[in-house]
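Student: I have a model open and I'd like to learn how to read it. Can you take me through it feature by feature?

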Amino acid sequence: MKAPLAVLLVLGLSSAAAAADAPGKWIPMFNGRDLGGWTPKFTGSALGQNVLDTFRVQDGVLTVSYDGYDELRGRFGHLFYERKLAHYRIRLEYRFSGKQVAGGPTWALMNSGIMLHSEPASSMRLDQAFPVSIEAQFLGDDGTGKRTSGNLCSPGTHVVIAGKIVTEHCPQTSTVAVPPGEWTRFEVEVRGNRSIRHLVNGVVTAEYAKPQYDPTDADGKRVMGSGPLELGEGYVALQAESHPVQFRNVELMVLEP
């Protein structure tokens, strides 16, 4: 006897969800066609508004484009994945292209990244530039060899490196410089509130532990509320910081706690 169509559909959806949550398996985070499963948030704009079509999918590649801008005007963007995550690996390839949009700050030249353990996009203030999170940072080298990729930044947060709390916003931990225009492999392994590790082209560029809120930062204090100081889960987001960048082969592996 055949099961009713509704039952088959539910079973199919349950199987798909189970496959997505199965630990130890890489799953694609983009469908290659559109931004399904992801939500943009730009400084000064309402949640879900994709300002000037900055985030778009072209030929199966997620693209951050500024071809509709005359200048940046402080409109930093983040594209948030729909699932909250705690123990996982995320990997992708990125490359910078073209020129930075007019009005972009000098530090944002060939600058992007993955926000980890982020607050929900829905909790960001309208004019908030960056979510409270840990950033696994991408940088393109400007020819000096000093702009290394795979460092971390900490908007509204702190981390512990080699047993000591680090309050510097963007400490340089990496020695790997990557020329712009090259597809670069980037991977992050996140183990809740225990440890986070960055790899650029297979080389470890940052290792740190005990990610935690910065109670001296207004947004960090707001998001922490009455909860614990350390943060062990959150959302991931990709950045649009004023320089055109592309992402491909964006994949997620859920890990056992």
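Tutor: Sure, let's go from the whole chain down to single residues. Keep in mind that this is a predicted model.

Student: Okay, starting with the overall fold: how many helices and strands does the protein have?

Tutor: Two helices and 16 strands make up its secondary structure. As for extent, the C-alpha trace covers about 70 × 45 × 35 Å along the principal axes.

Student: What radius of gyration would a compact globule of 257 residues have, and what does the protein have?

Tutor: The idea is to compare the chain with a rule based on its length. For 257 residues a compact globule would come out near 18 Å, and the protein has 18 Å, so the two agree.

Student: What share of the residues is buried?

Tutor: Here you need the cut-off: a residue is buried when its relative accessible area is under 20%. By that criterion, 49% of the 257 residues count as buried. On the outside, the accessible surface comes to about 12000 Å², with 53% of that belonging to carbon and sulfur atoms.

Student: And how do I read the contacts in terms of sequence distance?

Tutor: Take the contacts between residues at least 6 apart in sequence, then ask what part of them joins residues at least 24 apart; in this protein that part is 71%.

Student: How far apart are the mean positions of the positive and negative charges?

Tutor: They are 3 Å apart, with 25 positive and 27 negative charges going into the two means.

Student: Now the cysteines. Which residues does the disulfide join?

Tutor: You look for sulfur atoms within 2.5 Å of each other. That gives a count of one disulfide, which joins Cys153 to Cys170 with an S to S distance of 2.0 Å. Its dihedral is 120 degrees about the S-S bond, making the link right-handed. The partners are 17 residues apart, with Cys153 in strand β9 and Cys170 in the loop between β11 and β12.

Student: Are the two ends buried or partly exposed?

Tutor: One of each. Cys153 counts as buried because its relative accessibility is 2%, whereas Cys170, at 33%, counts as partly exposed. If you leave out residues up to four places away in sequence, Cys170 touches Leu152 as well as Cys153. You can also check Cys170 against Gln137: they are 33 residues apart along the chain, and their C-alpha atoms are separated by 9.1 Å.

Student: What else sits in that β11 to β12 loop?

Tutor: Glu182 is found there too. With 42% relative accessibility, Glu182 is classed as partly exposed. Leaving out residues up to four places away, Glu182 touches Tyr94 and Arg95. Tyr94 is 88 residues away from Glu182 along the chain, yet their C-alpha atoms are separated by 7.9 Å.

Student: Last one, backbone angles. What sign should I expect for phi?

Tutor: Most residues other than glycine have a negative phi. Asp59, though not a glycine, has a positive phi of about 55 degrees.

Student: Where is Asp59 found?

Tutor: In the loop between β3 and β4. Asp59 also counts as exposed, because its relative accessible area is 81% and the cut-off is over 50%.

Student: And Asn249, where does that lie?

Tutor: Asn249 lies in strand β16, which covers residues 245-254. Asn249 is not a glycine either, and its phi is positive, at about 50 degrees.

Note on methods: Residues are numbered from 1 along each chain as its sequence is written. This is a predicted model: local features need pLDDT of at least 70, side-chain atom pairs count only at pLDDT 80 or more; totals for chains, interfaces and linings use all residues. Side-chain values use heavy atoms; hydrogens and water are left out. Helices (H or I, at least four residues) and strands (E, at least two) are DSSP runs, numbered from the N terminus. The radius of gyration is taken over C-alpha atoms; the globule rule is 2.2 Å times the number of residues to the power 0.38. Buried means under 20% relative accessible area, exposed over 50%, partly exposed in between (1.4 Å probe, protein chains only). Contact means heavy atoms within 4.5 Å. Accessible areas come from the Shrake-Rupley method with a 1.4 Å probe; for residues, only the protein chains shown count as cover. Lys and Arg count as positive and Asp and Glu as negative; His and the chain ends are not counted. The place of a charge is taken as NZ of Lys, CZ of Arg, CG of Asp or CD of Glu.
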